[in-house]
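Thanks for sharing this one. Here are some notes to read with the structure open beside you.

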Amino acid sequence: MKVRIGRAIALRKRLLGFLLALAMVLGFSRTASAQTKHPSEAPAAPAPFNPHDLSGVWMQDRPRPGTVLERYWIYELTEEEPPMTAWGEAQFKAAKSSFGTHAVPIDETNDPIYRNCSPTGFPRAFFHAFPLQIVQVPGEVIMLFEWDSMRHQIHTDGRAHDTALGPLWMGDSVGHWEGDTLVADTVNFNDKTWLDRIGHPHSEALHVIEHIRRLDRDHLQDDITIDDPKAYSKPWTGRIVFALKPTWTLAEEFCEDIASFESIEKQETTPAK
Amino acid sequence: MCKCPLGIALVLAIALSYAPAALAQSKQPSEKKAPGKPFDPHDLSGVWQQDHPRLITVDARYWVYKFTMEEPPMTAWGLAEFNAAKTSFGPHAFPLAETNDPVYHTCTPLGFPRIFLYPLPLQIVQSPGEVIMLFEYDSLRHQIHTDGRAHDTSLGPLWMGDSVGHWEGNTLVADTLNFNDKTWLDRMGHPHSEGLHVIERIRRVDHDHLVDDLTIEDSKAYSKPWTAHQIFALEPKWTLAESFCEDQESFEKIDEDAAAPAKK
């Protein structure tokens, strides 16, 4: 009899102990099961990548602040105003953009793209909210833009700039690798484009230097330096970061298809992919 | 040895008359027909330009504005569309001011395969999973996916269509569909519908030549498929420049430039 009672008490204690242990186990269950399921799993290792491989479809990777006015990257490279010369300021004031704090209605804009679907020019091509694809072949790194089929063809075969080509909408680009950074140098621009979508200017002397680096498998960074002594009193730099879109393919977005320019802007500010 | 000046002179004369051949043979004894430069038939990359014979009459140069010398076999619908087209090319050309060619009035994208008829070069780049034709004119591109994917109908009707391809031996077979109907098939106004289906058989025949046989299949516009044969020559020193429609001062100038190629 003593044994039986003793056993009952012992069982109760054991049960309590068991329930307590169970509670503890359940409380830690996620970690515990993780530990038991993947005993060797530390924090996930970053996906391997080749820093000299920039290929893929990429899309601008931006934070989402509250107000539309804070999203400067929709229409310009940097939040702060670039250091313009007197000539640059005059050009900027004459530009009637449909973006930014001094926006005009679309039917009053003198934005060259909105008037006649002209090529974007460079680096403006980055400010049209559609993806780009980088294709890399021996001797070239080529950015193909979805918007208006633009391309930025960087020759990496050691050639010099080709002044015989005449002033170009997208400029003439040569590049070379410095470690894991592709340095691309573009000159030989025409003066028919805005630098961005708010009407910052450039002259034919525009010289764009990019430092392009794949940060990890899913991110590409392009530090863009604008050097144009006619328009800007000193060089200035802005940064764009892109995210890899492994399941995307470039589609077509031709300016001529847009029924009105209201619909261009609407389409670009509500990405539907 | 006899002293025979005449004999010697005769022998010498005969020898001299064969001299160039003899000299040639002694300088390049092994050279008969020059062997073709080695090339990889699976490598289509490079800058290419349409390669046409130089016939005498302008009228014989059909390739300036269409794909075949003979008229393609049009349906009733196709013929009606063709008759409504007022082209600035060919034997029934209209003055530029009267043409209803969509490219001339609004700089719309040329579309595919019309882009091949524009007398400016193209560059082929090849990467795993794609063969891409980059055209100098208007920055257009023909992007052939070779990674085994199917056509993507979710892209909607496209100016340049949606292209997938695969290799059959040394021939790249590219299949393009999903076109919009906003373009002419060529510069003369031959039509196509959204049902256009273009099959290309692309083959590098030697180091310096690429052949692209185009089959046009569009049962709304043509009573049966028909094929055009295109040849391109490699231009190893060329780089693509820019030629945007918006830059053209007038379309008279486009036609002048096309008739008198002035290249780098």
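In which strand of chain B is His229(B) found? The points below start there; please keep in mind throughout that this is a predicted model.

1. **His229(B).** This residue is found in strand β9 of chain B. Is His229(B) buried or exposed? His229(B) is exposed, because just 11 other C-beta atoms lie within 10 Å, and a residue counts as exposed at 12 or fewer. If you would like a far-off landmark to look for, try Phe94(B): 135 residues separate the two along the chain, and their C-alpha atoms are 27 Å apart.

2. **The partner of β9 in chain B.** Strand β9 (residues 226-234) of chain B pairs with strand β1 (residues 46-50) of chain B in the antiparallel sense, over 3 bridges. To find the register on screen, look for Gln49(B), which stands opposite Ala233(B) in β9(B).

3. **The barrel.** In chain B, β1-β2-β3-β4-β5-β6-β7-β8-β9 form a closed barrel of 9 strands with mixed pairing. On average, neighbouring strands of this sheet are turned by 30 degrees against each other, direction ignored.

4. **Chain B as a whole.** How many helices and strands does chain B have? There are 5 helices and 9 strands, and from the N terminus on they run α-α-β-α-α-β-β-β-β-β-β-β-β-α. Of the 264 residues in chain B, 33% are buried. Taking contacts in chain B between residues at least 6 apart in sequence, 56% join residues at least 24 apart.

5. **The nonpolar core.** The largest nonpolar core holds 90 residues, and the members that touch the most others are Ile134(A), Phe145(A), Ile115(B), Ile124(B) and Phe135(B). As general background, nonpolar side chains tend to be buried together in soluble globular proteins. For a closer look, pick Ile124(B): setting aside neighbours within four places in sequence, Ile124(B) is in contact with Leu44(B), Ser45(B), Gly46(B), Trp48(B), Val131(B) and Met133(B).

6. **Strand β3 of chain A.** Why is strand β3 (residues 140-145) of chain A described as largely enclosed by the rest of the structure? The reason is that 5 of its 6 residues are buried. β3(A) pairs with strand β2 (residues 132-137) of chain A in the antiparallel sense over 6 bridges, and β3(A) also pairs with strand β4 (residues 151-155) of chain A, again in the antiparallel sense, over 5 bridges. Two pairs help in following the strands: Phe145(A) in β3(A) is the bridge partner of Leu132(A), while Val141(A) stands opposite Ile154(A) in β4(A).

7. **Two hairpins in chain A.** The hairpin of β2(A) and β3(A) has 2 residues between the strands, and Gly139(A) takes a positive phi near 90 degrees there. In the hairpin of β3(A) and β4(A), with 5 residues between the strands, Asp148(A) takes a positive phi near 55 degrees. Both backbone angles deserve a look when you go through the model.

8. **Where the chains touch.** In all, 24 residues of chain A are in contact with 24 residues of chain B. On the chain A side, β2 and β3 each supply at least two of the residues that touch chain B, and β2(A) gives the largest share, 3 residues. By type, the residues on this side of chain A divide into 14 nonpolar, 6 polar and 4 charged.

Note on methods:
Residues are numbered from 1 along each chain as its sequence is written. Chains are lettered from A and ligands numbered from 1 in the order in which they are written. This is a predicted model: local features need pLDDT of at least 70, side-chain atom pairs count only at pLDDT 80 or more; totals for chains, interfaces and linings use all residues. A nonpolar core is a set of buried Ala, Val, Leu, Ile, Met, Phe, Trp, Tyr and Cys residues joined through C-beta atoms within 7 Å. A residue is buried if 20 or more other C-beta atoms lie within 10 Å of its own, exposed if 12 or fewer, and partly exposed in between; C-beta atoms are placed from the backbone. Two residues are in contact if their C-beta atoms, placed from the backbone, lie within 7 Å. Helices (H or I, at least four residues) and strands (E, at least two) are DSSP runs, numbered from the N terminus. Two strands pair if DSSP finds at least two bridges between them. Ala, Val, Leu, Ile, Met, Phe, Trp, Tyr, Cys and Pro count as nonpolar, Asp, Glu, Lys and Arg as charged, and the others, Gly among them, as polar. Axes are lines fitted to C-alpha atoms, for helices over the stretch in contact, and angles run from 0 to 180 degrees between N-to-C directions.
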